[in-house]
Number of protein chains: 2
Amino acid sequence: MSVLIVGSTALDSIKTPHAENPRLLGGSASHAAVAASFFSPVKLVGVVGNDFPKKYLDLYRRHKINLDGLQLRPGKTFHWSGEYEANMNNRRTLLTELGVFETFTPTLPRAHRDTPFVLLANIAPALQHHVLDQMRRPKFVVADTMDLWLNIALPDLLKLLPRLDGFVLNDSEAHQLTKEDNVFIAMKKIHKLGPKYVIIKKGSHGSILSGPRGYFICPAYPLSAVVDPTGAGDSFVGGMVGYLAAARGLIDTNLRRAMIYGSVTASFCCEGFGLTRTTRIKRHDIDRRVKELEQLTKF
Amino acid sequence: MSVLIVGSTALDSIKTPHAENPRLLGGSASHAAVAASFFSPVKLVGVVGNDFPKKYLDLYRRHKINLDGLQLRPGKTFHWSGEYEANMNNRRTLLTELGVFETFTPTLPRAHRDTPFVLLANIAPALQHHVLDQMRRPKFVVADTMDLWLNIALPDLLKLLPRLDGFVLNDSEAHQLTKEDNVFIAMKKIHKLGPKYVIIKKGSHGSILSGPRGYFICPAYPLSAVVDPTGAGDSFVGGMVGYLAAARGLIDTNLRRAMIYGSVTASFCCEGFGLTRTTRIKRHDIDRRVKELEQLTKF
């Protein structure tokens, strides 16, 4: 089945202690869409300006990503610039130019409204609502978020949560949302806000699922070189939803393995700047690391 | 087979935002010995003063811990006092009174020198050396350490590492020792210093083994209430060595499962002050959580 992915489509200029890479393809929807494309047909919903390089449109197309929902507007593409510290965990934003993203309204092409799987990648909760308002009974809806929306759009986000099947956030965001230090108590509190499945991302420490079948402790693939972690969380959730949409059977049964596939897809994302590494791999590269993870966790 | 455990035997006064508990049984060797005692016969080597409560000697005995190597000296037992912050991750030492521990020399009773499994729990590396000097060809030697020894006794520690089969340390100590941010590169560097097995503890994020069979990603048991994490690392390594000493077959084959048992034993330690929770459980309580962990990690 296919996946509708809405989020930001951006140009990222990324600095690390080792290198500087201007105007890479970035944004939550780009990372998630490429990750999901290894498993399922993807429909991308976003906006770009007329400075958006043709090579990036070609990149989407090579991944067979449907671009009917990608709006092309006069003006500049959303441009984000950030710098990582040596440990690759702390980053600071150097620049945010919203460009055409500032007035983005994710209006869906008619054909998109029946898509069974929906990923509301990181974007303002009001826009995530707007997408759901247009959908016809999707089978599975999952949303990601970021600290910014907890700070400036919390009421919108709280109204979104009961509309979701799954909610994905990182450990510090879970703490910010619930004021809980303990991640398992935090997940219990988030369930009460609506979502049946709560997934907490912990970066290199993996992720945790809480759902009707209890917890699942999902490992991260061991990486001895992290080149650029930008988009890893988006790749995780994209790979996860892509795998889910392709799998037969119940969500409940498939979600654990879907998280493993998301985790592995995210590991490739970290090994190159922007999407450079992810766009060079094939499905069998992902399958190989999933097999490795099986071995790495067996006891 | 039996396990020799040398380390500190102390009285811990522990403060958390919720409670204050004076003069609990503590110390690296006490935690490790009680943890190991669920699996194998344990010989404890340490020192206590004449203020050491009889009830704690009785506690050791209830766990069938051999006390022939526990020295009783005139003076005060090592007393440590610390306070935890609300998140239970940060703690500060309020007081350290070494007492009889200051002049401790771990002289082994003759009968202890053939013990096949040796755990050099957290204690000065010079004392860890002294124990190994007295041992006759042990089958498996593992050592734990702490940041203090990296700061004040690094040359001793570096000379100890080639004498070990396994070395256990936490992620921040691994960073301090190797100057590496990446935990997998840090483990490679530590292998070069001697130990065949390197185990990095990551608290609530679990632990990682690096050995001849590659990595093993060991989960932590999910806890929604951490009462007092003091001694959790000692319980982990104690439970691990205790399990190893009881298991048939190769260390290489058993070490992963041994880490799981250590991890679960440590989870009980966190659920009460000092050893209060650990001393109330039975082996079947540990087995039950190990089964749960199998379910929690299956995909």
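This briefing covers the contact between chain A and chain B and the symmetry that relates them. The model is predicted. Chain B and chain A bury about 2,500 Å² between them. A turn of 180° lays chain B on chain A with an RMSD of 0.0 Å.

**Extent of the contact**
- Chain B gives 28 residues to the contact, and chain A gives 28 residues.
- Carbon and sulfur atoms carry 63% of the area buried between the two chains.
- On the chain B side, His205(B), Ile217(B) and Phe299(B) lose the most area to chain A. Together these residues make up 29% of what that side buries.

**Polar pairs**
- Between chain B and chain A there are zero salt bridges.
- Polar contact links 10 residue pairs across the two chains, counting pairs with both residues at pLDDT 80 or more.

**Make-up of the chain B side**
- Four elements of chain B each supply at least two residues to the side that touches chain A: helix 7 (183-192), strand 13 (214-218), helix 9 (251-270) and helix 10 (283-297).
- Helix 10 of chain B gives the largest share, five residues.
- By class, this side of chain B holds 15 nonpolar, seven polar and six charged residues.

**Symmetry**
- The turn of 180° that lays chain B on chain A comes with a shift of 0.0 Å along the axis.
- The two copies are therefore related as by a two-fold rotation axis.
- His205(B) has the C-alpha nearest the axis in chain B, at 3.0 Å from it.
- Both copies use the same surface: 100% of the contact residues of chain B recur in chain A.

Key
Residues numbered from 1 in each chain as written. Chains lettered and ligands numbered in written order. Predicted model: local features only at pLDDT ≥ 70, side-chain atom pairs only at ≥ 80, totals over all residues. Heavy atoms only, no water. Contact = heavy atoms within 4.5 Å. Buried area = accessible area lost by both parts, 1.4 Å probe. Salt bridge = Lys/Arg side-chain N within 4 Å of Asp/Glu carboxyl O. Polar contact = N/O pair within 3.5 Å; in protein donor to acceptor, adjacent residues only side chain to side chain. Nonpolar A, V, L, I, M, F, W, Y, C, P; charged D, E, K, R; others polar. Least-squares fit on C-alpha atoms with pLDDT ≥ 70 in both.
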